[in-house]
Amino acid sequence: MLNKKEKIIKAINWNKIENSFTKLFWDQNIRQFWVDEEISLVEDRKHWDKLTKAEKDTYEKVLAGLTLLDTEQGGVGMPLILEKIDDLHIKAVFSFMGAMEQMHAKSYSTIFSTLSSSERINELFNWVENNKYLQYKVNKVDYYYRKINNQEELFFALTTSVLLETFLFYSGFFYPLWFSGQGKLVGSGEIINLIIRDESVHGTFVGLIAQKIFKKFDQSTKDKLTKKVYELMLDLYQNEIKYTKDLYNKVNLADEVIKFIQYNADKALMNFGFEPYFNVIDEDINPIILNGLDTETKTHDFFSTKGNGYIKPIIHDELSDEDFDDF
Ligand SMILES: [Fe+2]
Ligand SMILES: [Fe+2]
């Protein structure tokens, strides 16, 4: 008999899974597991010394900014969202994804320790705390992660998470891809590609869960939330433009980055079943960036299942409508 003050707390049963698609995402996440220290960065050091001061400054700052976003996602976003979800298997997938966010955050430090001095690393972390655009975006996201008291707020936190992972990271991802797409700083580019492949699966999974919650709302709630999501996206987009100009004007790439941001904002919207806003197509993206996104193993050479998950996530091919019937 339970004590009156106690409630039944359930154990996760992997032999009885409520929805089969969650197991697919668990498997995919596990298959993609990687460790930052497996990637060799020795060659990057040689290229690094040939970069201009402005190029080095932008490169280091985009990585520092990305560190902040992954720290937020691993330490706040995933744990607070999973706490509000009842399904134990979905919770398990979120926990694993949260652990990988910490791997992402750590991997930038591995790159820093190869390329930058300790003094410079300290300066960069100080810069993160004082950059108004970075702090604006992380505060926006943090606010919605901490405000989940009902299903509408849970939906909004899930869409915020997708906006972070499929949209806001890309002003930072652009620069490592720009170099690795030209055969430079390839080890760091490989790490970024592994992170992008993770974010692609995370954005798809979180987006699908958001869609399932959204379906259950009445039309007026749907309309209200849709308006609010686009408003948040555009608010964050305006901030991204300022952040991008601040970082990329000195290396003459701001316009290219903005196009890439728009492209990924559309991907984020589509992840939770909304219409794209900017309608940027693959052909609008600089081919160097698309080349940089090609993760056919360069320095990281185990398990053939670890191919590029960005342009066409593997998981999409394995899912059918029936997978969601019992959600
Ligand atoms: Fe991440
Ligand atoms: Fe993620």
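## A small space first

In this predicted model, the second largest cavity holds about 30 Å³ of space. A search of the whole structure turns up 2 cavities of 30 Å³ or more. Which residues line the second largest cavity? They are Val62, Gly65, Leu66, Leu69, Lys137, Leu168, Phe169, Ser171, Gly172 and Tyr243.

Helices α3 (53-83) and α8 (170-180) each contribute at least two residues to this lining. The biggest share comes from α3, with 4 residues. Keep Leu66 in mind from that lining, since Leu66 is also among the contacts of Tyr108.

## The listed active-site residue

An unreviewed UniProt entry lists Tyr108 under "active site". You will find Tyr108 in helix α4, which covers residues 88-115. Is Tyr108 buried or exposed? Its relative accessible area is 0%, so Tyr108 is buried.

Setting aside neighbours within four places in sequence, Tyr108 touches Leu63, Leu66, Thr67, Asp70, Phe173, Ile192 and Ile195. One of these, Asp70, brings us to the metals, as Asp70 is a donor residue for the iron ion (ligand 1).

## Iron ion, ligand 1

Four residues coordinate the iron ion (ligand 1): Asp70 (OD), Glu101 (OE), His104 (ND1) and Glu199 (OE), at 1.8 to 2.2 Å. Along the chain, these donors follow the spacing D-x30-E-x2-H-x94-E. Glu101 in helix α4 and Glu199 in helix α9 (residues 186-215) link distant parts of the chain, 98 residues apart.

Why is the arrangement around the iron ion (ligand 1) irregular? The 4 donor atoms subtend angles of 88 to 136 degrees, and four donors count as tetrahedral only if all angles lie between 85 and 135 degrees. The upper end of the range at the iron ion (ligand 1) is 136 degrees, and the arrangement is therefore classed as irregular.

## Iron ion, ligand 2

The iron ion (ligand 2) has its own set of donors: Glu101 (OE), Glu165 (OE), Glu199 (OE) and His202 (ND1), at 1.9 to 2.2 Å. Here the sequence spacing reads E-x63-E-x33-E-x2-H. Glu101 sits in helix α4 and Glu165 in helix α7 (residues 151-168), so this pair ties together parts that are 64 residues apart in sequence.

The angles subtended by the 4 donor atoms around the iron ion (ligand 2) run from 92 to 143 degrees, which makes this arrangement irregular as well.

## How the two irons share residues

How far apart are the iron ion (ligand 1) and the iron ion (ligand 2)? They are 3.8 Å apart, and Glu101 coordinates both. Glu199 also appears in both donor lists, for the iron ion (ligand 1) and for the iron ion (ligand 2).

These glutamates are hidden from the surface by the accessibility figures. Glu101 counts as buried at 0% relative accessibility, Glu199 is buried with a relative accessible area of 0%, and Glu165 counts as buried at 1%.

## The annotated transmembrane stretch

Finally, the unreviewed UniProt entry places a "transmembrane region" at residues 154-178. In the model, this span is 96% helix and 0% strand, and its end C-alpha atoms lie 36 Å apart. Two earlier topics meet this stretch: helix α7 covers residues 151-168 and holds Glu165, while α8 (170-180) supplies at least two residues of the lining of the second largest cavity.

Note on methods. Residues numbered from 1 in each chain as written. Chains lettered and ligands numbered in written order. Predicted model: local features only at pLDDT ≥ 70, side-chain atom pairs only at ≥ 80, totals over all residues. Heavy atoms only, no water. UniProt positions renumbered as here; feature names shortened; annotations may be inferred. Buried < 20%, exposed > 50% of the residue type's maximum accessible area, 1.4 Å probe, protein only. Contact = heavy atoms within 4.5 Å. Donors = N, O, S within 2.8 Å, 3.2 Å for Na, K, Ca; no water. Tetrahedral: all angles 85-135°; square planar, octahedral: opposite > 155°, others 65-115°. 1 Å grid on protein atoms, 1.4 Å probe; cavity = no way out; pocket = protein on both sides within 12 Å on 5 of 7 lines; lining within 4 Å. Points joined across faces, edges and corners; volume = space filled by probe spheres on them.
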